[in-house]
Amino acid sequence: MSGLARYFNHIGCIVCGYDKTPTDLTDQLRNEGIQIVFEDNTEGIPKSFRDNDPNTLVIFTPAIPKDSAILNFFREKGFELFKRSQVLGIISKGMFTIAVAGTHGKTTTSTIVAHILKDSGIDCSAFLGGISSNYQTNVLFGKSNIVVVEADEYDRSFLTLHPDIAIITSMDADHLDIYGDHEHLTESFKLFASQRKLGGVLIHRKGLPLDGGFTYSIDGDADATATNIRIENGDFYFDFKRGPIIIPNIQLGIAGLHNIENAVAAIEVALRLHIDYDDIKSALGSFKGVKRRFEYIVKNDEHIFIDDYAHHPEELRATISSIKKLYPGKKLTTIFQPHLYTRTRDFADGFAEVLDMSDELIILDIYPARELPIEGVSSDMILERMKLAKRYKYGKQEAINKVRGEKPELLLTVGAGDIDQLVQPLKQALQDV
């Protein structure tokens with residue numbers, strides 16, 4: 001949503017919006033001239049937005065509660081409301097569109113694709129689901145006719161897009177509050193894959209239940225693979241192989257086996273756009289990642305502190321596995337904030353299994369986002385299923401106090417709620433003498 005706000009502000013529109021809580025991102029948007037209100041009442045709606053005018057565009061995210069006063073003001077006034085994805089579909093219509101979908105991996109993959117295009121001189125515009133650490137923004141403006149978009153499967157939003165190149169990174173069960181079961185989610189991804197423009201290309205991770213397309217993987221018999229994966233001086237290196245094409249000794253600027261797999265997909269896109277091998281290698285080496293995607297907050301001899309957006313069991317598995325591979329001799333303390341009551345209920349067993357990979361766990365209360373509480377559903381559902389001896393349920397301040405007192409050598413914060421607002425206090429707590 002903030003990417004769209006920046007886009008319309010960039011082209012000269014008056015932009016106003018609502019968010020639940022102030023954050024660093026909303027501060028940046030306000031500094032860029034975008035008006036933001038934090039109270040969900042109609043008094044905060046500027047006068048120029050109150051009349052149903054054909055020159056006024058109202059965009060909403062499905063994450064906003066259905067009983068939102070601001071949302072219902074526009075509905076009752078007869079405004080036509082657009083979802084974020086619908087607007088992306090309108091903007092990208094007529095452009096060469098690269099759309100990246102997946103229950104996880106889509107933000108990093110789309111950001112790698114955009115960075116390769118920018119860094120190689122091909123150029124592109126991009127609407128990303130996270131803040132690129134290279135560009136310090138989630139929207140890029142380019143002079144070419146290429147646009148990279150993150151295609152969100154929530155609420156079937158991505159079915160408004162018609163890409164030239166479609167990438168699908170994963171199709172694990174998620175958003176079951178919308179889809180009901182994994183089968184309907186899978187069907188939605190298949191529909192997305194079928195909406196490619198005439199002559200369009202489908203690139204997907206090996207093993208997904210999709211017909212046709214070009215496959216990639218970090219292991220197994222895929223069309224494009226990463227081989228000779230290794231860690232040298234804390235950095236990940238690999239060789240890319242696709243048929244007779246081999247690009248050796250690629251250094252990836254970010255950590256994680258899952259990110260190597262994301263990079264393989266991005267390399268395949270770059271090759272189809274005829275980008276030179278050396279330019280691809282250079283871009284991947286200079287890629288700094290995405291905020292809250294395996295982001296190093298502290299990295300020194302005494303402490304490692306990583307923050308990540310993981311909020312699904314398989315995302316947590318990828319993040320924790322990569323940390324364990326990077327720092328096999330260190331004790332891992334994980335602070336996890338579950339996101340949504342429905343997701344906690346549906347995946348409590350999976351969360352318990354992967355969080356048991358930690359050496360110590362601090363779990364916070366569930367971040368509800370758009371949801372109302374569900375009776376019997378809490379963080380305790382996960383704790384009760386875990387086997388780990390050192391597992392605790394704390395409030396936010398208690399978690400900060402524990403970190404200040406014990407100064408863990410390897411700390412991970414994970415979740416998609418407002419746990420990011422703990423990052424700076426935790427960093428300070430680690431550094432307090």
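This report covers the nonpolar cores, one strand hairpin and the aromatic contacts of a predicted model.

## Nonpolar cores

Nonpolar side chains tend to be buried together in soluble globular proteins. In this model, the largest nonpolar core has 71 residues. Three of its members touch the most others: Ile 98, Ile 167 and Phe 238. The biggest contribution comes from helix α8, residues 257-272. That helix supplies nine residues to the core.

There is also a second core, separate from the one above. It holds 33 residues. Among them are Ala 5, Ile 36, Val 87 and Val 149.

## The β15–β16 hairpin

Strand β15 spans residues 295-299, and strand β16 spans residues 304-308. The two pair in the antiparallel sense, over four bridges. A hairpin of four residues links β15 to β16. One bridge can be named: Val 298 is partnered with Phe 305 in β16.

## Asp 307

Asp 307 sits in strand β16. Is this residue buried or exposed? Asp 307 has a relative accessibility of 2%, so it counts as buried, since the cut-off for buried is under 20%.

What does Asp 307 touch, beyond its neighbours within four places in sequence? Its contacts include Arg 292, Arg 293, Phe 294, Glu 295 and Ile 297. Thr 413 and Val 423 are also in contact with Asp 307.

## Aromatic pairs

The structure holds eight aromatic pairs. One of them joins Phe 294 and Tyr 296. Their ring centres lie 6.1 Å apart, and their planes meet at 75°. The pair is therefore edge-to-face, because planes over 60 degrees apart count as such.

The two partners can also be described by accessibility. Phe 294 is buried, at 5% relative accessible area. Tyr 296 has 25% relative accessibility and counts as partly exposed. Phe 294 is also one of the residues that Asp 307 contacts.

Elsewhere, four rings form one aromatic cluster: Tyr 7, Phe 8, Phe 127 and Phe 141.

## Arginines over rings

Two arginines lie over aromatic faces. Arg 272 is placed over the face of Phe 214, at 5.0 Å from the ring centre. Residue 272 also falls within the span of helix α8, residues 257-272.

Arg 293 lies over the face of Tyr 309, with 4.1 Å to the ring centre. Arg 293 also appears among the contacts of Asp 307.

Notes:
Residues are numbered from 1 along each chain as its sequence is written. This is a predicted model: local features need pLDDT of at least 70, side-chain atom pairs count only at pLDDT 80 or more; totals for chains, interfaces and linings use all residues. Side-chain values use heavy atoms; hydrogens and water are left out. A nonpolar core is a set of buried Ala, Val, Leu, Ile, Met, Phe, Trp, Tyr and Cys residues joined through side-chain atoms within 4.5 Å. Buried means under 20% relative accessible area, exposed over 50%, partly exposed in between (1.4 Å probe, protein chains only). Two strands pair if DSSP finds at least two bridges between them. Contact means heavy atoms within 4.5 Å. Rings of Phe, Tyr and Trp (its six-membered ring) pair if their centres lie within 6.5 Å; planes under 30 degrees apart count as stacked, over 60 as edge-to-face and the rest as tilted. A charge sits over a ring if NZ of Lys or CZ of Arg is within 6 Å of the ring centre and within 35 degrees of the ring normal.
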